[in-house]
Amino acid sequence: MHTIVTLHLLCSAILATAVSAPAGWTFVQNGTTGIVPLEAIVVSPTLVVTFDRVQNNPLQIDGVGAWGALWNLETNTASPLSLVSNSFCASGGFLSNGTMVSVGGTVPQVPETEPNIDGRMIIRLFEPCTDVNGQGCNVFEDPATHHLTTTRWYPTAVRIYDGSLIIIGGTHNITFFYNEDPVNTYEFFPPKDNGLARPSTFLERSLPANLFPRAFALPDGRVFMVANNRTIIYDIKLDTETILPDIPNSVRVTNPFDGTATLLPLSPPNYTPEILVCGGSNASDTIPSAQLSSQDPASSQCSRITVTPEGIQRGWVVEHMPEGRMMPEMVLLPDGRVLIIGGGATGYAAIQSVGQAVDGQSNADHPIFRPVIYDPQAPHGKRFINKGLPSSEIARMYHSTVTLTPHGNIFIAGSNPNLNPDIINNTRLPTEFRAEYLNPPYMSVLRPELRGVPLMLPFNYEFTVDVVIPPGLKIKKVQVALIDLGFSTHAYKSSARLVFLHAVVSTNRKSITITTPPNNRVYPPGPGWIYLTVDGITSTGAQVLIGNGNAPPVNDQGVPV
C-alpha cells in the first residue's frame with residue numbers, strides 16, 4: 001500500500017493551464033540535441049547532462065563535433081560540454097555530496113577527430129550546477145588522479161548505502177556482440193580495499209552476455225544483480241554472492257540481449273523490495289552472432305520477484321507485456337506506476353554484428369512506437385495498460401535514452417544503431433537528433449504545488465511545508481514520492497529509485513508534514529526529487545539532497561527499519 005502523502009515544489013509553468021479535465025498523454029517534439037544522447041542524467045531543475053561517442057556531430061566545440069552536452073529543459077536547446085576522453089558507452093551516477101560521476105568509456109576510434117585520452121579508465125566529475133543555463137559548469141577529468149583500477153567499457157555504476165558508487169563488470173576492449181574480454185570484478189569510487197578490485201564468480205558465470213549488468217541497492221544495503229539470465233545478492237561488507245533463481249524460460253536481459261529492469265517503488269513501513277525485469281531474448285548465448293537475425297522475436301516476458309526469504313523461495317512470477325521488446329527502458333512514475341518505452345520487437349542490441357542487420361547496421365528491427373504502463377498494484381494479469389497512450393513518430397532503438405524530468409514529463413532522446421562516426425541518414429533507422437517529450441495528462445491542468453522544501457534533508461526527519469492544492473481536487477488519494485531519476489543508458493536506468501514518504505495534509509489543505517526515509521539503506525544518501533500526486537495529478541519535483549551532504553564514504557544515518 002502506498003502511504004498517503006503530499007507535496008511539490010513549484011506549480012509547473014509548463015503546460016499548466018486550467019482545463020475542466022486533463023488532456024490525454026501526448027508526444028511533443030521540441031528541439032534537437034546536437035549530439036546523440038546515449039547517456040543522460042538530470043543534474044538540476046533545468047539541465048540534463050548527455051554523453052555520446054565522438055563523431056561528427058552538428059553541435060560543435062572548438063571546431064569539432066561535441067560528444068558531451070547540457071540539454072536545457074526550459075529552452076529545449078543543447079550547449080556543448082568540453083571532454084578530453086571518449087565517454088562512449090560509460091555508466092554513472094551521483095555521490096552522497098551531489099557530485100555526478102561518469103565512469104569508463106572506450107578507445108579513440110578515428111584519431112583525427114577523437115580525443116587524445118583513452119576513456120576506458122577515466123572517472124569524470126560534474127559538480128553540482130546552480131546556474132539555470134549551465135554557465136561555468138564543466139566536466140572535470142584528470143587521469144593521473146581520477147581513474148579506475150582497470151579498463152572498463154559497458155560497466156554499471158550504482159550508488160550504495162555509504163554514498164559511494166559500486167562499479168560492476170564491463171569489457172576491457174571493444175567487442176561487437178558478446179563479452180569476449182570480460183572484466184569480472186567489482187570496484188568502488190571513491191576506492192575501497194586499498195584501490196584493489198574484487199573478483200566476481202557471478203560475472204564469470206553470466207558470460208558471454210553480461211554487459212551493463214542490472215544492479216539495485218536493496219533497502220538492507222546489499223545489492224541485487226542481474227546479468228544474462230543469472231541473479232544474485234551481493235553483500236558488500238562480507239564480499240559474498242548469494243545465488244538466486246535464474247530468470248525463467250532462459251530469457252536473457254543484459255547486453256547484447258537487452259531487456260530492462262527496475263526496483264519497484266518502496267513503501268513504508270517495511271520497504272519490501274521487489275525487482276521487475278522485462279523484455280530481452282530467449283535466444284541461446286551459444287549461437288554465434290552471425291547466425292542471429294534482426295528479425296528474431298524479442299521476449300514479451302516480465303519476471304517479478306520479492307526479495308525476502310519467502311519471496312525468493314517462491315521465485316520469479318511471470319507475466320507478459322502486450323508485445324516483445326528488445327532494448328526497452330523503464331521510468332518510475334511519481335504515482336508508483338512504471339512506464340515501459342522504446343525498443344524494437346525483434347533482434348538484438350549492438351551494431352553490425354548479426355547475420356541480417358537492418359541496412360547492414362542495426363541488429364534490431366520493428367521499432368515500437370507506443371509505450372505501455374505497468375501498474376505494480378493491479379492484480380496479476382491486469383497490470384499492463386496501453387489504452388490512451390499515444391504513438392511516437394520517432395524510432396528509439398539502440399543508443400537512446402529516457403528520463404523523468406523535474407517538470408514531471410518524460411524526456412526522450414537519441415537512437416543511433418549505426419557504426420560509422422559520420423551521421424547516418426541513408427538507412428531506415430538513422431542517427432536521431434530530435435528531442436521529444438511524453439506529457440502525462442496532468443501536464444495540461446492546474447497542479448499541486450509544494451513551497452519551501454528544504455534543499456537538504458536528514459534521514460528519519462519530519463518537516464512541514466506549505467502546499468497549494470487546486471480547489472478541484474478532493475484529496476481522495478495523496479502520494480509523496482522521493483525519486484532518484486537515475487542514469488539512463490542502454491535500456492537501463494542505474495540507481496533509479498522511488499521511495500514513498502509518510503505524510504499528513506493539514507485539515508485546511510494549506511500545509512503538509514512529511515517524514516524522510518528512515519535510513520541510508522532505504523535511500524542511499526544523495527540527490528533526489530520529491531513529487532506530490534493528489535488524485536492522480538502530479539506536481540513538479542522539488543530538488544533535495546538526502547543525508548548530511550558529506551562526500552563518501554559516509555557513516556550510517558537514521559534509524560533501522
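Pro190 sits in the loop between strands β14 (185-189) and β15 (198-199), and this is a good place to start reading this predicted model. The bond that links Phe189 to Pro190 is a cis peptide bond, with an omega of about -10°. Most peptide bonds are trans, and most residues other than glycine have a negative phi. Keep both habits of the backbone in mind, as we will meet exceptions to each.

Another cis peptide bond is found between Pro552 and Pro553, where omega is about 0°. To find Pro553, look in the segment after β44.

Now for the exceptions in phi. Asn460 is not a glycine, yet its phi is positive, at about 50°. You will find Asn460 in the loop between β34 (456-457) and β35 (462-468). Asn460 counts as partly exposed because its relative accessibility is 39%, between the limits of 20% and 50%. Arg509 behaves in a similar way: this residue, also not a glycine, has a positive phi of about 65°. Its place is the loop between β40 (502-505) and β41 (511-515). With a relative accessibility of 27%, Arg509 counts as partly exposed.

Let us turn to the inside of the protein. In soluble globular proteins, nonpolar side chains tend to be buried together. Here, the largest nonpolar core holds 66 residues. Among those with the most contacts inside this core are Ile166, Tyr186, Phe224 and Met225, along with Ile275, Ile512 and Ile530. Strand β17 (residues 223-227) gives the core its largest share, five residues. Apart from this core lies another one, made of 42 residues; they include Trp71, Leu264, Leu333 and Tyr374.

Just after β17 the chain enters a loop that leads to β18 (230-235), and Asn229 is found there. Is Asn229 buried or exposed? Asn229 counts as buried, because its relative accessibility is 9%, which is under 20%. Leaving aside residues up to four places away in sequence, Asn229 touches Asp246, Ile247, Ser250, Val251 and Arg252.

Compare that with a residue in another loop. Gln352 lies between β26 (344-351) and β27 (362-367), and at 34% relative accessibility it counts as partly exposed. Although Gln352 and Ser362 are ten residues apart along the chain, their C-alpha atoms are separated by 6.1 Å. Not counting residues up to four places away in sequence, Gln352 touches Gly360, Gln361, Asn363 and Leu419. With Gly360 there is a further detail to look for: the side chain of Gln352 reaches the backbone oxygen of Gly360 at 3.5 Å.

Finally, consider the space that the atoms leave open. Rolling a probe the size of a water molecule over the atoms shows where empty space is left. The largest pocket has a volume of about 500 Å³. Which residues are the closest to its centre? They are Val43, Ser44, Pro128, Cys129 and Gln543, out of 29 residues that line this pocket. Strands β2 (39-42), β36 (478-484), β42 (526-534) and β44 (542-546) each supply at least two residues of the lining. Sorted by class, the lining of the largest pocket has 18 nonpolar residues, eight polar ones and three charged ones.

Note on methods: Residues are numbered from 1 along each chain as its sequence is written. This is a predicted model: local features need pLDDT of at least 70, side-chain atom pairs count only at pLDDT 80 or more; totals for chains, interfaces and linings use all residues. Side-chain values use heavy atoms; hydrogens and water are left out. A nonpolar core is a set of buried Ala, Val, Leu, Ile, Met, Phe, Trp, Tyr and Cys residues joined through side-chain atoms within 4.5 Å. Buried means under 20% relative accessible area, exposed over 50%, partly exposed in between (1.4 Å probe, protein chains only). Helices (H or I, at least four residues) and strands (E, at least two) are DSSP runs, numbered from the N terminus. On a 1 Å grid over the protein atoms alone, a cavity is a set of points where a 1.4 Å probe fits but cannot get out, and a pocket is an open set with protein on both sides within 12 Å along at least five of seven lines; lining residues have an atom within 4 Å of a point. Grid points are joined across faces, edges and corners, and a volume is the space filled by probe spheres set on the points. Ala, Val, Leu, Ile, Met, Phe, Trp, Tyr, Cys and Pro count as nonpolar, Asp, Glu, Lys and Arg as charged, and the others, Gly among them, as polar. Contact means heavy atoms within 4.5 Å. A polar contact is a pair of N or O atoms within 3.5 Å; within protein, one must be able to donate a hydrogen and the other to accept it, and residues adjacent in sequence count only if both atoms are side-chain atoms.
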